[in-house]
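Biologist: Before we discuss individual residues, could the model be placed in front of us?

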Amino acid sequence: MTQDFDLYRLGEEHVMLRESVRALAEAKIAPFAAAVDEEGRFPQEALEALRGADLHAVHVPEEYGGAGADALATVLVIEEVARVCASSSLIPAVNKLGSLPVQLAGSEELKAKYLGALARGEGMFSYCLSEPEAGSDAAGMRTRAVRDGDFWVLDGVKRWITNAGVSEYYTVMAVTDPDKRSKGISAFVVEKGDEGVSFGAPEKKLGIKGSPTREVYFDGVRIPAERMIGAEGTGFATAMRTLDHTRVTIAAQALGIAQGALDYAKGYVKERRQFGRP
């Protein structure tokens with residue numbers, strides 16, 4: 001049996017998306033990439049360019065004001081941005097990582113409020129799962145959330161949080177029933193401006209220096225009960241479902257970085273001369 005189409009070739013819409021993102025990245029993100037890395041500063045120019053083209057969070061469904069892009073379109077955006085600036089590629093990547101729990105398990109009210117705000121460019125999202133003593137063993141986390149009437153009160157520390165301090169919104173996993181281990185973990189939306197939220201100093205990293213990685217501290221952070229994502233005790237399952245969807249975005253980032261390096265090297269070898277010859 002023969003096929004009359006190429007299974008591995010992008011469709012026309014995805015090809016057009018790749019071309020438009022590449023043009024934007026080369027014109028408005030690439031010129032600042034070296035300075036962003038050298039100075040270790042957040043790539044504000046990239047955020048503004050992506051936000052202006054509605055490429056900062058293309059995964060948000062149309063009913064909440066987003067572009068409604070599929071998973072392939074989302075990774076194409078990340079790949080093309082990473083091709084010119086790895087730090088900048090974490091803007092669309094982590095916006096998806098941080099907000100996907102709301103999209104997967106949040107109430108309609110949470111989706112309308114926070115996915116809508118993300119789509120409008122009112123703030124970025126970060127994802128708070130790992131802790132100093134709970135990295136690979138995420139179920140061993142110690143951040144606690146205690147019910148107090150119509151509120152939950154959060155206390156704890158999250159570590160290695162991408163874009164912490166820059167993002168306005170944080171999906172936070174916390175223990176609500178310590179006797180149930182992974183089934184006693186719940187998910188919440190915490191806002192940067194909530195009283196008791198603070199951030200550590202940026203980590204010193206070997207690369208991707210323009211994307212801040214910090215600890216996030218929760219000191220008696222009191223949030224409305226309706227900010228819980230999904231039912232109590234389902235946070236860990238939501239966290240794992242989220243990673244199922246978003247691990248591929250980091251593969252896209254790596255592929256984009258590799259493509260950028262290859263493209264740069266190809267240009268260099270065409271102009272370099274040694275011993276009187278190319």
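The exchange below moves from the overall fold to selected residues.

Biologist: How many helices and strands are there in the protein chain?
Modeller: This is a predicted model. From the N terminus, the elements of the protein chain run α-α-α-α-α-β-β-β-β-β-β-β-β-α. The count for the protein chain is therefore 6 helices and 8 strands.

Biologist: What is the radius of gyration of the protein chain?
Modeller: For 278 residues the globule rule gives 19 Å, and the value for the protein chain is close to that, so the chain is as compact as a globular protein of that length. The C-alpha trace spans about 75 × 50 × 35 Å along its principal axes. The radius of gyration is 20 Å.

Biologist: What share of the contacts with a separation of 6 or more is made by residues 24 or more positions apart?
Modeller: Of the 278 residues in the protein chain, 47% are buried. Among the contacts with a separation of 6 or more, the share of residues 24 or more positions apart is 73%.

Biologist: How far apart are the mean positions of the positive and negative charges?
Modeller: The accessible surface of the protein chain is about 14,200 Å², with 52% of it belonging to carbon and sulfur atoms. The protein chain carries 33 positive and 40 negative charges. Their mean positions are separated by 6 Å.

Biologist: Is Thr143 buried or exposed, and which side chain makes a polar contact with the side chain of Thr143 at 2.7 Å?
Modeller: Thr143 is found in the loop between β1 (125-128) and β2 (144-148). Its relative accessibility is 1%, under the 20% limit, so Thr143 counts as buried. Beyond four places in sequence, Thr143 is in contact with residues including Asp155, Gly156 and Met173, and a polar atom of its side chain lies 3.4 Å from the backbone nitrogen of Val157. The side-chain partner at 2.7 Å is Glu131.

Biologist: Which residue, 59 residues apart from Ala25 along the chain, has its C-alpha atom 6.7 Å from that of Ala25?
Modeller: Ala25 belongs to helix α1 (residues 12-39), and with 1% relative accessibility Ala25 counts as buried. Leaving aside neighbours within four places in sequence, Ala25 is in contact with Ala30, Pro31, Glu80, Val81 and Val84. The residue whose C-alpha atom is separated from that of Ala25 by 6.7 Å is Val84.

Biologist: Which side chain makes a polar contact with the side chain of Ser99?
Modeller: Ser99 is placed in helix α4 (residues 86-105). At 0% relative accessibility, Ser99 counts as buried. Among its contacts outside four places in sequence are Leu115, Leu118 and Phe125. The polar contact, at 2.8 Å, is with the side chain of His59.

Biologist: What is the phi of Trp160?
Modeller: Most residues other than glycine have a negative phi. Trp160 lies in strand β3 (residues 151-162) and is partly exposed, with a relative accessible area of 44%. The phi of Trp160 is positive, near 65 degrees.

Biologist: Is Phe275 buried or exposed?
Modeller: Phe275 is placed in the segment after α6 (235-271). Although not a glycine, Phe275 has a positive phi of about 55 degrees. Its relative accessibility is 82%, over the 50% limit, so Phe275 counts as exposed.

Conventions. Residues are numbered from 1 along each chain as its sequence is written. This is a predicted model: local features need pLDDT of at least 70, side-chain atom pairs count only at pLDDT 80 or more; totals for chains, interfaces and linings use all residues. Side-chain values use heavy atoms; hydrogens and water are left out. Helices (H or I, at least four residues) and strands (E, at least two) are DSSP runs, numbered from the N terminus. The radius of gyration is taken over C-alpha atoms; the globule rule is 2.2 Å times the number of residues to the power 0.38. Buried means under 20% relative accessible area, exposed over 50%, partly exposed in between (1.4 Å probe, protein chains only). Contact means heavy atoms within 4.5 Å. Accessible areas come from the Shrake-Rupley method with a 1.4 Å probe; for residues, only the protein chains shown count as cover. Lys and Arg count as positive and Asp and Glu as negative; His and the chain ends are not counted. The place of a charge is taken as NZ of Lys, CZ of Arg, CG of Asp or CD of Glu. A polar contact is a pair of N or O atoms within 3.5 Å; within protein, one must be able to donate a hydrogen and the other to accept it, and residues adjacent in sequence count only if both atoms are side-chain atoms.
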